[in-house]
Number of protein chains: 2
Amino acid sequence: MADAVSSLLQRGVSDIFPNNADSQQEDDNLAHRLENADQPLRIKLGIDPTGTDLHLGHSLPIRKLRAFQDLGHKAVLIIGDFTARVGDPTGKSEVRRQLTEAEVQHNIQTYLDQIKPILDFETPDRLEVRYNSEWLSKIDLAKTLELLTTMTVGQMLAKEGFAERYQQGTPVYLHEFLYPLLQGYDSVAVEADVELGGTDQKFNIAIGRDLQRHFGLRPQFGLLTPILLGTDGVQKMSKSLNNYVGLAEDAVSMYSKLEKTPDALLPEYFEHLTNLSLKDLPENPREQQKLLAHTVVSQYHSVAIANETQQSLAAMVTQGDMSQTDVIPEYSLAEVTFPAKLFYLLSASGLCSSSSDARRQIKGGAVKLDGTKITVVDQTYDQPDDLIGAVLQVGKKKFIRFIA
Amino acid sequence: MADAVSSLLQRGVSDIFPNNADSQQEDDNLAHRLENADQPLRIKLGIDPTGTDLHLGHSLPIRKLRAFQDLGHKAVLIIGDFTARVGDPTGKSEVRRQLTEAEVQHNIQTYLDQIKPILDFETPDRLEVRYNSEWLSKIDLAKTLELLTTMTVGQMLAKEGFAERYQQGTPVYLHEFLYPLLQGYDSVAVEADVELGGTDQKFNIAIGRDLQRHFGLRPQFGLLTPILLGTDGVQKMSKSLNNYVGLAEDAVSMYSKLEKTPDALLPEYFEHLTNLSLKDLPENPREQQKLLAHTVVSQYHSVAIANETQQSLAAMVTQGDMSQTDVIPEYSLAEVTFPAKLFYLLSASGLCSSSSDARRQIKGGAVKLDGTKITVVDQTYDQPDDLIGAVLQVGKKKFIRFIA
């Protein structure tokens, strides 16, 4: 038990607070609390459905949540359907656009689909999915005022990001000040014992502790996971930087991206994206890349699909269809005029011999974009951003990846 | 009509905004709007029942509201039963204590009683009394967030008082940022055409304009009245500075304070506290003092009581019971040990011949403090502040005023 707890609290963990390792107090020593818990702890993770795509960078706290489940604790997954409409200002250099209710509802299902492969949705009593509109939509002005009385402007402006924006004259809107308090109030509502989040969530999670104390509850622990670097090994993983691997990506795209993981990034990716023992990895970096790609594809698709993908990509390479360094050839959209028809792209990129061949292939169901079959012959894309990073496929063996 | 409007917008007015006198646009020329109104305008004045006592300084915007009524417009008096619990941070050097609902309910009636002599409560359709809990208690979090999105932290910190406190490190609590928006939202709720307030209310009234615009309404005008100097002629009238005349003070106390109005202060007091023509005042300052005192007492009590008070105080003076400069003798509390019994004070101050005489007078109903009969023989005061400035009276002719 102690070994499992120790691994839980060390692998892929940036920070735990409070964290007084010498203390025998269950209120400031999480290891002690876990080892002595006579009932499952409630482990909170909040996710705001602000977009449609999650990537491996988002998976770290979700994977940690799964690890708590595996030790018998209860995952309390909070879908921030209310807070998504406000927008977490953390790490933002300007105010976020507020989402409509329809956008949020659309995002929720895509998020749950993407999270499914990581969490244990099956074992009874290991998962509680809650929507924070359940309590936040009922908050009246008096309660809001009570939340606001707990903090000063100075404390809020001390939050990373706010101070910089305020000093630079970039507007910080008043509703952004409310966000951390709402996230904190979620911890009150679900009576969280531990809250998970990226390192950028420390401020918000600490507010949860304050509010729990304010409302007479025992304050939660914060457990922070690192911010994952992107596949470029330089900047944090991000869709806008196009250095990401999406959780919903098709197996081929996912495998081929991870198979190119820079050597320096391999230890980190193994630690954070797999459960493999870090001592027993193959010595050859090329073997490590394949193992990493296979393991991750196995998680998000299946072992069978990972095997098949590995084999078919290897076959392409030996057939000489693609260079060895770039498993999937890239196709630049720089010269393409938008809006662009799919059949034109198929023809221009050489995946089909002509536009009419391309139309036939679409009709015949042989064309996929990021693994999704496209059968609309007139399918049109408005702008390069709709395609950059995506893999276009005809039949089983012809692929290109769009680049800018 | 034009003359009446001109007097309305000039006498006792510090600022009107917007105020483009040359404009023929009804949206930025209040005189033009008033002269061309085909229905009564809605004139808003908000009062938070945060205490029990109003004084003449508070009466300026209320008197201006009455002037609008007299020209046929509708006074919309907003009792801030909700906002009183938040507390207007305007002019405060630190966060205000939040009031309980019971305290607020108690204050409302005392406020209405004090306002009654000023406003026209009788003429049909000239007065609408609203409580802002009517709409504010129904505001949910989504609406609160909408209000908050309309302003930035920078705009809010530009408010007089906030910036100083923030820079000096005196806490500004987040709920204080909400106050101006709630006051502004009142203007939305009642669809105010004009909002009245002291000059310190300019920021809050301007937010009302912004919010009305945000919610698709025509923005109100702001009409600001000056901050009245206290009877010392030096600092603004304030209960804590003991340079005030309370609206609920008994006639003797009110008359005797105003009869001592410093010469330099007389023109201001006549302008703001009476409707007398400023051109037709008596030349002799002593006569002006008596006229002022008589006029104000007539408003808050009655002409008959003003006459009687003037006569009885004059009689005391001629009987030589009091010096001519101090109509009511002062009694210093510096040597008194607190808590202090009322009967001791009656005896020590010479109003009664002994403590037992004092007890008899109390029992007999002859003792009043600031006009309120006191019949509790053991009545005790905890501290000098409970008495300083108050007038203690035995029978009809014996008075003292407590000083520090």
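**Notebook: two copies, one lysine, three domains**

I laid chain A on chain B, and they match with an RMSD of 0.3 Å after a turn of 180 degrees and a shift of 0.2 Å along the axis (superposed by least squares on the C-alpha atoms of residues with pLDDT of at least 70 in both). That is the relation of a two-fold axis. In chain A, I found that the C-alpha of Asp140(A) is nearest the axis, 2.3 Å from it.

A note to myself: this is a predicted model, where local features need pLDDT of at least 70, side-chain atom pairs count only at pLDDT 80 or more, and totals for chains, interfaces and linings use all residues. Residues are numbered from 1 along each chain as its sequence is written, chains are lettered from A and ligands numbered from 1 in the order written, and side-chain values use heavy atoms, without hydrogens and water.

Next I looked up Lys239(A), where an unreviewed UniProt entry places the feature "binding site" (such annotations may be inferred rather than shown by experiment). Is Lys239(A) buried or exposed? I found it partly exposed, at 46% relative accessible area (buried is under 20%, exposed over 50%, partly exposed in between, with a 1.4 Å probe and protein chains only). Leaving aside neighbours within four places in sequence, Lys239(A) is in contact (heavy atoms within 4.5 Å) with Asp53(A), His55(A) and Tyr244(A).

Last, I turned to the domains of chain A: domain 1 (2-225), domain 2 (249-326) and domain 3 (329-404), with bounds from an automatic or database assignment. The C-alpha centres of domain 1 and domain 2 of chain A lie 32 Å apart. Ten residues of domain 1 of chain A are in contact with twelve of domain 2 of chain A.
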